[in-house]
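Please explain how the helices and strands of this structure are arranged and how they meet one another. A walk along the chain, from sheets to helix pairs, would be suitable.

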Amino acid sequence: MYSIGLISPYEKLVDIAKEINDMTDEQIDIELGDMNEAIPIANKMISEGVEVIISRGGTAIVLREFIDVPIVEIQITSIDIMRSIKEAKKKGKNIGFLGYDNVVYNIETIAEILDVNLIPVIFNKAETIEQKKAKIMQLIGKAEMVIGDHISIQIARQCGIEGLLIESGKDSVLESISEAKKIRDATNRERERFEELKAILDYSHDGIMSISNKGQIKFFNPAAEKVFNIHKDRVIGHSINDVLPHVNFKDVIKNGQSKVDEFYNIGEKIIIASTLPIKIRDKITGALSVFQDISNIQNTEEKIRKKVYLKGHVARYHFEDMITGNEKMNKLVDIAKLYANTSSNILLVGETGTGKEFFAQGIHNASSRKKRPFVALNCAALPDNLLESELFGYEEGAFTGAKKGGKQGLFELAHSGTIFLDEIGEIAPHIQTRLLRVLQEKQVMRLGSDRVMPVDVRVIAATNKDLKKAIDDNIFREDLYYRLNVLTLKIPPLRERKDAIPLFVHSFIEKYCRKNDIDVKTVSEEAMNALQSYNWYGNVRELENVVERLAIIVPAKRVELYHIKNFIDDWDEEVPPVIQENNEHPDISEEYKIRLDINRSLKEIESEIIKKVLEFTGDDRTKAAKILGIGRTTLWRWINDSGCVSD
């Protein structure tokens, strides 16, 4: 592959070029051809990768007119002309000088130096062969010989006049090759920059359009085609007023003032555009407009929220994960599924521990917002000032200790998704007022800001209080109550659905045994009846805590009634637990009992049990493991984990 080509109108120049070619690393495609043959030769070179073509005289002029790649002309120097005149002078002092105006210059000085009479005949590129002949014929009887380029000499000879070719020297050819290299390298750098810029503009998510100072569209990238739903071929070269009269270019070009973030209604789309002038040496040569479809900005914002800000704000539970256990709860779930298909606010009412957040997550995951954020907050867990900044966010400098750059509030984070506000009855009156405004206006204002931001958030609130009584006591706003209480779910306490308790117990036993790498335990019928008979004022949360302790601390493979009674704080009858009823070991007394103080951590209770069993067995770890119903390896791990080492 050659990047530089040379088309020579005569053979001797070909030889010079080949000689130079053999001496340099740069290989040149060298072809013989005069001005009549040069164009097809040049086209063939270009098709094979040539980027710059070298030629001379009339051939170079013709190529420059009809060929798109750069043409480097081998300059005919004064030395080349003087060399030819000196040779022609042997025939006489009257010499015709044939050539184009790019060659015939400064000949008076040359004629004076060499003491000859030079008669110039100047051609132009538009002349035909016959017209050139007519000019040369005027030299008959006036000049003994003519000098010129290859074509001129051929015509002169046809007219019966002897001619001598002005030949280019080696230095001229070398200089033209050097110039061709510079042009090629500069062109490649420019092409590289152009392609880089084109790639940036073509792959930009923003629509980009430029116009001339006459108002004609010069550039229209693919994003612009998509925004305006029009192909660039239909707009480039046309007036901006005919194609897109909505965009304000006129004032920008006239006054040189930028127009930033202007909104335009184009069909059903809302476009935001910024237009600025293009200046070269303080002269306005055109204008550039960058614009986006508002819907694309909203989609981008949604992706950013999801990928950057919303880590962890995900609802994990679905209705399918819920343990119901009776027809009443099944109907409640069916109602919740209906609520999920709406965007109305929901108020969940129920005692602490009944699973209100479980319902909130299930509703979110069954709704059209399921792929959007689920942001949960316990309103009773934060002091008033912190709760306010968490809900609504704040600007930098809004208060002492405010984070640099400010902070998004939870309503902003929950945009397009769901916010779950637990213990809603605990919020202070002034926060209730701000919350009511968010619900009414669908807008949020950060602390310390005067700017409102639109938010699309579904609110699910929960309470274990009687909000109507709170209204009567003037501690909860009535208008806020009715904003929240559009749809209601009253979740019954566990004592009203005791038939679900066995399902919860088995689920929790399996969960915590597997979590702690313990063989899954069973629960005796007496123990299960006791669990069902208890009222569970802490509801499912209390039940789960008790079952977790049973799974971890009870060493036997089956949970019995006496285990249960010692793990429920307000059980009426106190029964000391037996470590294990084990008929396989008659040497172990069934009367051996351990009294435990359960007002300690699980690890401390576990450590005490292990220590007492090791004392009972005289540090016989094999026997201790059998009493505890575990393997020796498990006992060894328990001893290390609990820090219990026998004396």
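The following paragraphs treat the sheets, the helices beside them, the salt bridges and the helix pairs in turn.

The model is predicted. Its description may begin with an open sheet of four strands, arranged in the order β2-β1-β3-β4 and paired in parallel. The edges are taken by β2 (29-32) and β4 (71-73); each of these has a single partner strand, so one side of each lacks a neighbour in the sheet. From one strand to the next the twist averages 25 degrees. Within this sheet, strand β1 (residues 4-8) runs parallel to strand β3 (residues 52-55), and three bridges join them. Leu6 has Ile54 in β3 as its bridge partner. As a general matter, the strands of a sheet are held in pairs by backbone hydrogen bonds, in either a parallel or an antiparallel sense.

Two helices lie across this sheet. Helix α2 lies across β1, β2 and β3, and its direction makes an angle of about 165 degrees with β1. An angle over 145 degrees counts as roughly antiparallel, so α2 is roughly antiparallel to β1. Helix α3 lies across β1, β3 and β4, running at about 160 degrees to β4. By the same cut-off of 145 degrees, α3 is therefore roughly antiparallel to β4.

These two helices also pack on each other. Helix α2 (residues 38-47) and helix α3 (residues 57-66) meet at an angle of about 55 degrees, and their axes are 10 Å apart. The angle makes α2 oblique to α3, and the crossing of the two is right-handed. On the α2 side the contact involves Ala38, Ile39 and Ala42, while α3 contributes Thr59, Val62, Leu63 and Phe66. By class, the residues of this contact comprise six nonpolar, one polar and no charged.

A further open sheet is formed by four strands in the order β6-β5-β7-β8, again with parallel pairing. Here β6 (117-123) and β8 (163-165) stand at the edges with a single partner strand each, so one side of each is left without a neighbour in the sheet. Neighbouring strands are turned against each other by 25 degrees on average, direction ignored. Strand β5 (residues 94-100) pairs with β6 in the parallel sense over seven bridges. Gly99 has Ile122 in β6 as its bridge partner.

Attention may now turn to charged side chains. Side chains of opposite charge can pair when their charged atoms come close. With a cut-off of 4 Å between a side-chain nitrogen of Lys or Arg and a carboxyl oxygen of Asp or Glu, the count comes to 27 salt bridges. One of them links Glu190 with Arg193, whose closest N and O atoms are 2.8 Å apart. Glu190 and Arg193 are three residues apart in helix α8 (residues 170-202), which means that about one helical turn separates them.

Farther along the chain, helix α15 (residues 384-392) packs with helix α17 (residues 429-441) at an angle of about 10 degrees, the axes being 10 Å apart. The two helices are therefore roughly parallel to each other. Asp384, Leu387, Glu388, Leu391 and Phe392 of α15 make the contact with His430, Ile431, Arg434, Leu435 and Val438 of α17. The residues of this contact divide into six nonpolar, one polar and three charged.

The last pair consists of helix α20 (residues 501-515) and helix α22 (residues 539-553), which pack at about 45 degrees with their axes 9 Å apart. That angle makes α20 oblique to α22, and their crossing is right-handed. From α20 the contact draws on Ile501, Phe504, Val505, Phe508, Ile509, Lys511, Tyr512 and Cys513, which meet Val540, Leu543, Glu544, Val547, Glu548 and Ala551 in α22. Sorted by class, this contact holds 11 nonpolar, no polar and three charged residues.

Methods. Residues numbered from 1 in each chain as written. Predicted model: local features only at pLDDT ≥ 70, side-chain atom pairs only at ≥ 80, totals over all residues. Heavy atoms only, no water. Axes fitted to C-alpha atoms, helices over the stretch in contact; angles between N-to-C directions. Parallel < 35°, antiparallel > 145°, perpendicular 65-115°, else oblique. Left-handed = near helix turned anticlockwise from the far one by under 90°. Contact = heavy atoms within 4.5 Å. Nonpolar A, V, L, I, M, F, W, Y, C, P; charged D, E, K, R; others polar. Pairing = 2+ DSSP bridges.
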